[in-house]
Amino acid sequence: MTARHLQALAQQHGTPLVLIDHDVLRGNYASFKKHLPKVQAYFAVKANAEPAIVRTFYQAGASFDVASLPEFMLVYENIKHLPAKAQQDFIWDKIIYANPTKPKATLQALDQYKPLVTYDNAEEIRKIKAWAPHAGVVLRLRVPNTGSQCELSSKFGCDPGEAVDLILAAFQTGLVVEGLSFHVGSQCTNFENFVQALNVAAAVMKEAKSRGHEIKILDIGGGFPAAYDKHVRPFSELARKINAEIDRLFAPDIQIIAEPGRFLVATAATSVASVIGKAMRDGKPCYFIDDSVYHTFSGIIFDHCQYHLKAFRRGPKRISAVFGQTCDGLDIISQSEELPDLAIDDLVYAENIGAYSNASATWFNGFPPAKVVHVNV
Ligand SMILES: *Cc1c(COP(=O)(O)O)cnc(C)c1O
């Protein structure tokens with residue numbers, strides 16, 4: 001989106017604003033498919049749960065990774081009325097419930113859809129058997145998350161050494177283990193994590209097969225890095241590694257799925273905010289804006305993500321601080337941004353803010369989340 005376009009939309013809608021460009025969403029999905037043609041992308045809804053995003057990805061051919069009952073229903077309600085190719089197999093083809101731990105009530109509510117759900121421990125097998133006996137199951141493995149922006153391996157995934165026992169245990173109760181899954185950590189710029197994870201999964205599959213159980217689905221999870229800056233190596237390079245390992249390690253008829261979240265949405269959004277206050281502290285210009293780390297910039301806290309603020313105004317730049325609107329000392333958006341001398345009501349914007357941003361915004365301090373506007377839908 002051009003500066004003129006951003007300013008016009010801020011004029012029209014007011015600030016704070018999150019602008020989501022659906023041409024970029026479609027472009028990111030196309031790029032994923034181009035480089036990983038054998039992999040079906042299940043968009044991880046938690047990265048940005050806007051219904052319009054779900055509809056755009058569905059129309060582009062994507063499936064969905066959900067991690068709560070409300071997310072499951074959000075996807076289901078937004079895609080069930082659209083022309084589905086085959087209504088019958090539609091749930092597994094279109095939705096995986098990839099939160100390994102599910103409340104009993106959620107399992108009970110999901111069972112009628114015969115969902116595909118993940119698990120990573122024996123207690124969960126008992127729960128699934130009792131409350132969602134019609135579910136198909138996918139075992140989540142713990143794999144290295146070295147160097148990823150957000151690590152998930154201390155909370156999720158069984159030790160690879162116990163994987164085959166957990167597969168046999170599920171079959172013994174009458175459940176069918178359809179697949180294996182893993183997650184290499186979010187914004188994974190260390191591509192070796194994927195190589196190692198694929199090798200771990202291949203070894204587990206091989207051993208399961210030798211014990212009489214052929215596993216059909218390999219779910220390579222999320223973690224595909226968004227191009228936040230030039231230090232992130234190109235997706236094509238990661239895809240080449242993944243394709244080579246898949247060809248080397250797995251049978252040609254294996255069904256491969258992935259759960260990209262950030263990669264599909266991060267670069268599609270820009271937030272625009274207004275300067276609402278200004279001060280000079282220790283010789284450093286400080287600006288207060290009408291958004292915060294409890295709102296669109298929540299990724300600074302929850303996602304360990306740093307966003308850069310830019311101004312439309314020209315002029316010599318100085319290192320400046322940018323603070324959020326709330327009355328909390330934690331609410332610091334940046335201590336050092338290169339900004340020109342700004343006035344009250346000037347606009348600032350942050351790019352690449354589509355993942356884990358408005359999705360985790362709160363109403364803290366009485367301030368509502370930013371308005372979300374979809375363009376090029
Ligand atoms: C959050 C999450 C994802 C998406 O991860 P990204 O790093 O945003 O691609 C995928 N799968 C599961 C199970 C998740 O919890």
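Trainee: What is the volume of the largest pocket?
Mentor: About 690 Å³. Of its 36 lining residues, Lys46, Leu152, Phe156, His183 and Tyr356 are closest to the centre. This is a predicted model: local features need pLDDT of at least 70, side-chain atom pairs 80 or more, while totals for chains, interfaces and linings use all residues. Residues are numbered from 1 along each chain, and side-chain values use heavy atoms, without hydrogens or water.

Trainee: Why is this called a pocket, open or closed?
Mentor: A pocket is an open set of points on a 1 Å grid over the protein atoms alone, with protein on both sides within 12 Å along at least five of seven lines; a cavity is a set where a 1.4 Å probe fits but cannot get out, and lining residues have an atom within 4 Å of a point. The lining draws at least three residues from each of domain 1 (3-18 + 267-375) and domain 2 (22-265). Those bounds come from an automatic or database assignment.

Trainee: What takes up the space of the largest pocket?
Mentor: The ligand. A molecule sits in a pocket if more than half of its atoms lie within 2 Å of the grid points.

Trainee: What makes Lys46 a polar contact of the ligand?
Mentor: Its side-chain N or O atom is 2.8 Å from a ligand oxygen. The limit for a pair of N or O atoms is 3.5 Å, so this pair counts. Tyr356 has a polar side-chain atom 2.6 Å from a ligand oxygen. Arg262 uses a polar backbone atom, at 2.8 Å.

Trainee: How many residues of the ligand's shell are charged?
Mentor: The shell has 5 charged, 5 polar and 4 nonpolar residues.

Notes. Polar contact = N/O pair within 3.5 Å; in protein donor to acceptor, adjacent residues only side chain to side chain. Nonpolar A, V, L, I, M, F, W, Y, C, P; charged D, E, K, R; others polar. Points joined across faces, edges and corners; volume = space filled by probe spheres on them.
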